[in-house]
Amino acid sequence: MTAASPPGPNGAYGPRRRKEDARFIRGRGNYVDDVALPGMLHGAVLRSPLAHARITAIDTLAAEAHPRVRTVITGQMLAERGLAWMPTLSRDVQAVLATDKVRFQGQEVAFVVADDRYAARDALELIDVSYEPLPPVVDARRALDPDAPVIRDDIAGQAGNRVFDWEAGDRAATDRVFAAAEVTVAQDMLYPRVHPAPLETCGTVAAMDPVSGKLTVWSTSQAPHAHRTMYALVTGLPEHKIRIVSPDIGGGFGNKVPIYPGYICAVVGSITTGRPVKWMEDRSENLMSTSFARDYHMRGEIAATTDGRILGLRVRVLADHGAFNGAAQPTRFPAGFFGVFTGSYALEAAHCEVTGVYTNKAPGGVAYSCSFRVTEAVYLVERMVDVLARELGIDPAELRMKNLLRPAQFPYRSATGWEYDSGDYPRALRLALDMAGYPALRREQAAERERYERRQRAGPPGQEPGLAAGAPDTLTGIGISFFTEAVGAGPRAQMDILGLAMTDGADLRVHPTGKAVLGISVQTQGQGHETTFAQIVAAELGISPDDVEVVHGDTDRTPFGLGTYGSRSTPVSGAAAAVVARKVRERARIVAAAMLEAAPADLEWADGRWRVRGDPDKGKNIAEIAMAAHSGLELPDGVEGHLDAATVYNPPNLTYPFGAYICVVDVDPGTGKVSVRRFIAVDDCGVRINPMIVEGQVHGGLADGLGMALMQVVAFDAEGNCLGGSFMDYLLPTSMECPSWELGATVTPSPHHPIGAKGVGESATVGSPAAVVNAVVDALAPFGVRHADMPLTPAAVWRAIQGRPLRTDLAIT
Amino acid sequence: MTVNDTEYAADVEPRLLLIHFLRDHLGLTGSHWGCDTSNCGACVVWLDETPVKSCTVLAAMADGRRVRTVEGLGHGGELDPVQHGFAECHGLQCGFCTPGMMMTARWLLDHNPDPSAGEIREALSGQVCRCTGYENIVRSVRWAAEREAAARSSAPPGEDADYGPEVAG
């Protein structure tokens, strides 16, 4: 089922093959590791094998004596340049190279620059680091114990491992609702630590031109402009002498938002050697040291009436931020947008408290298509609704339908202060239920459960007359998730990253022949900006998307803006593209008026032309106007020639995409194995510019959600050893685990976005894990299982059935 | 070794991986390195007639053998139907896994010209895509199978789509 989205002005919206594919299908992409410069050297990072230890000595003499090594950089050398520590996006600091202690396994300790990548790796073996091991803090739930070792003794006045306390909502009103409620239910749940794991790891090529003093950095960056400013602030280099090029990016998912220590080391290596230095992580480095996601230990409580009206929600979160608070979110939102945890329901009151703690694990927390922790919020509320449904004996679809916000309630101000822009939630849920054939699925499940129970009573399979011998002993589970996303950060009065407002620029040049070049500040990692943004401009100017070239990923060629993450490209930068195109169109109006010898006020824009009102045959299209704008045509006093324009878009609010997901699983209670039989996803992301790309985004997010729910976790042992450090241990879904996704769409435009679009990049990742978990827990209902933590591996499911749930984040049972 | 019908001779370290030889020595950067452990398949190329993960093949093991990479997937400037299929069906997003996926898909269609969706999924099960959720990759391979079936039954070939100009270099 495809979107019922309008074709847009000029018919420019709609499914359209991607411009970027011409190079990718030929193997002609240009990723950072494809960059090869004359004289380029290669860097490698020496990492800590221990989770917590004091460094007593580092001996680099043997490495420096290696014939192909050009330089070895240590934390001490960086300290002499004031670069041993760098600021994080959460106003903490992170060690570039450790000087005092190592605080997680895989932390950066030294950097070797050599002639080739193999020699750089060889030389790492020649560096001798003396460590004095310290007890690690591995379990977040013990981080605040009075006797817990203090991880961040580098911070003056830091007594324990608390990073922050943050709350949202009205505590007193919530307490009152709970005290008076007919029914309250509580449930502990973990959203485990996962890693975005883009197929291309992180890396950089840094080239300092010793003559011009200009630093060029090719980097796997989702935010090249923000990186440029950060490099200037960290290194002291003048910002106009820094150019960040983010070429083709092999997937980001939030992993490529921060600046990592290896990047800084490559820059220092280039300055030191006078030659370009490339540094690319290997897969283990990527999984063990760069931005993880989630690690939220949550307790939810829900209050309701006995007939199923949801009244309140109370949440307590322990947030594991790792060794440095490197969470990448708007700076004034330490728990990201977790405050939208009231989800899609009209509640009387809600309150949450989040406590962030340090542990001896890699830094990060906000990454992996999470929309700044809306993922955790949606998982929490959608699990709690199912827990309540079980408690009340009400069908989970019926309970949701009863409590969903109604269209007339929009714009809706939530109990925690978020203003949802638009939505028709019941319509989306009804569509998903229809597509799934929900009543039939439930009937089938009931019959199957009865057969299963008869068989259990009868003994070994196939023994009871009337049951097919050898029939599979699997149980069907049906799980629903209804999510409301909050994307498009954000309004400059409320949202910034280290003081940089979350606005995005766009500039549009129209050449004399009417061909256009759009410069944008966001950076595609596969989202298809080169196509979608051309469609946006084409719609506004009445030209073909083929005639719009989209330039991105090079700070010397594009206007400033905060980049692509949190599903913000279309809501913010896409709006900028539409606005700048409208500016060009207004400039064209004046030129057209001069051409047509009419007053600008007498012209109307129709069918891709400025034409004289009442005389539709008299008009000029953009190509004709562009040529005239560059000619000697006489223009009114004060009117400049050409059509080029620039803008900066400051979003008035976030946009709130939503959707209804239904997952059907088969669970083998004998082995704990879960198979996803069907997945129905109805998404409403407002106006769809290119539905083909939108559906691709949803497909990918669904696979991500399935992976998180069933197999992905970065766990640790008691010593703080990372147990998810390769793709042999950190499991990703393949074509075998993923079903053929069944998509549906509704279209509720955003009232405040120039073209009514909302953003979709992370919707499916946000919405799908709860549907999968709800389905598995539903399948396990005959065993009395009310909850089980992700990932629902066979071992975790089997243990849940045995009534001995597994702690999935630790190898300590 | 012969790579995409061109012969190369080089003295290399015994430990040099085939993927690094192709990328760093020959400049054939279409094949990608993704995981080190043979799990992701971004590095899949053909060794003689078989897809292999070139991150776990030594360059020296390809001595005297034929290697085919994505750069050699087309025929005399024409794209392979598999390449058309991926562009037609939105079978790629970031493009990083795409060359490896296409090399395996080509092998599959050479051995099973009419694969079911399940057979396509099984053939690609040793390779990871982080963007597409696989559905459109399956459709892409089916598209190529149908295009080739139509060509075999000598139906008039469809107009080749324009995916933009071939970039020189």
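Which residue stands opposite T484(A) in β31(A)? The partner is F658(A). This is a predicted model, and that pair is a handy way into chain A before we turn to chain B.

**Around strand β31 of chain A**

Strand β31 of chain A covers residues 658-668. Nine of its 11 residues are buried, so the rest of the structure largely encloses this strand. It has pairing partners to look at, starting with β21(A), which spans residues 475-484. The two strands run antiparallel and share 10 bridges. Then there is β32(A), residues 673-684, which is also antiparallel to β31(A), with 11 bridges. In that pairing, D666(A) faces S675(A) of β32(A). β31(A) and β32(A) make a hairpin, and four residues sit between them. One residue of the turn, G672(A), has a positive phi of about 80 degrees.

Here are three antiparallel pairings from the two chains, side by side:

| Strand | Partner | Bridges |
|---|---|---|
| β21(A), residues 475-484 | β31(A) | 10 bridges |
| β31(A) | β32(A), residues 673-684 | 11 bridges |
| β3(B), residues 44-47 | β4(B) | four bridges |

**Chain B as a whole**

Now over to chain B, which has five helices and five strands. Going along the sequence, you get β-β-α-β-β-β-α-α-α-α. As for overall dimensions, the C-alpha trace spans about 50 × 30 × 30 Å along its principal axes. Is the radius of gyration what a compact globule would have, or what is the value for chain B? A compact globule of 169 residues would come out near 15 Å, and chain B has 16 Å, which agrees. Buried residues account for 54% of the 169 residues in chain B. If you take contacts in chain B between residues at least 6 apart in sequence, 63% of them join residues at least 24 apart.

**The sheet of chain B**

The five strands of chain B form an open sheet, ordered β2-β1-β5-β3-β4, and the pairing is mixed. At the edges are β2 (6-7) and β4 (50-53) of chain B, each pairing on one side only. The edge strand β4(B) runs antiparallel to β3(B), with four bridges joining them. Within this pairing, V45(B) has V52(B) as its bridge partner. Lying across β3 and β4 of chain B is helix α3(B), at about 40 degrees to β3(B).

**Where chain B touches chain A**

How many residues of chain B are in contact with chain A? There are 44 of them, and they touch 41 residues of chain A. The elements of chain B giving two or more residues to this side are α2 (81-88), α3 (98-111), α4 (117-123) and α5 (135-152). Helix α2(B) gives the most, with four residues. Sorted by class, this side of chain B has 19 nonpolar, 17 polar and eight charged residues. Helix α3(B), then, both contributes to the side touching chain A and lies across β3 and β4 of chain B.

**A closer look at G118(B)**

Helix α4 of chain B contains G118(B). Is G118(B) buried or exposed? It is exposed, because just 11 other C-beta atoms lie within 10 Å, and a residue counts as exposed at 12 or fewer. Along the chain, G118(B) and V138(B) are 20 residues apart, and their C-alpha atoms are separated by 8.8 Å.

Conventions. Residues numbered from 1 in each chain as written. Chains lettered and ligands numbered in written order. Predicted model: local features only at pLDDT ≥ 70, side-chain atom pairs only at ≥ 80, totals over all residues. Rg over C-alpha atoms; globule rule 2.2 N^0.38 Å. Buried ≥ 20, exposed ≤ 12 C-beta atoms within 10 Å, placed from the backbone. Contact = placed C-beta atoms within 7 Å. Nonpolar A, V, L, I, M, F, W, Y, C, P; charged D, E, K, R; others polar. Pairing = 2+ DSSP bridges. Axes fitted to C-alpha atoms, helices over the stretch in contact; angles between N-to-C directions.
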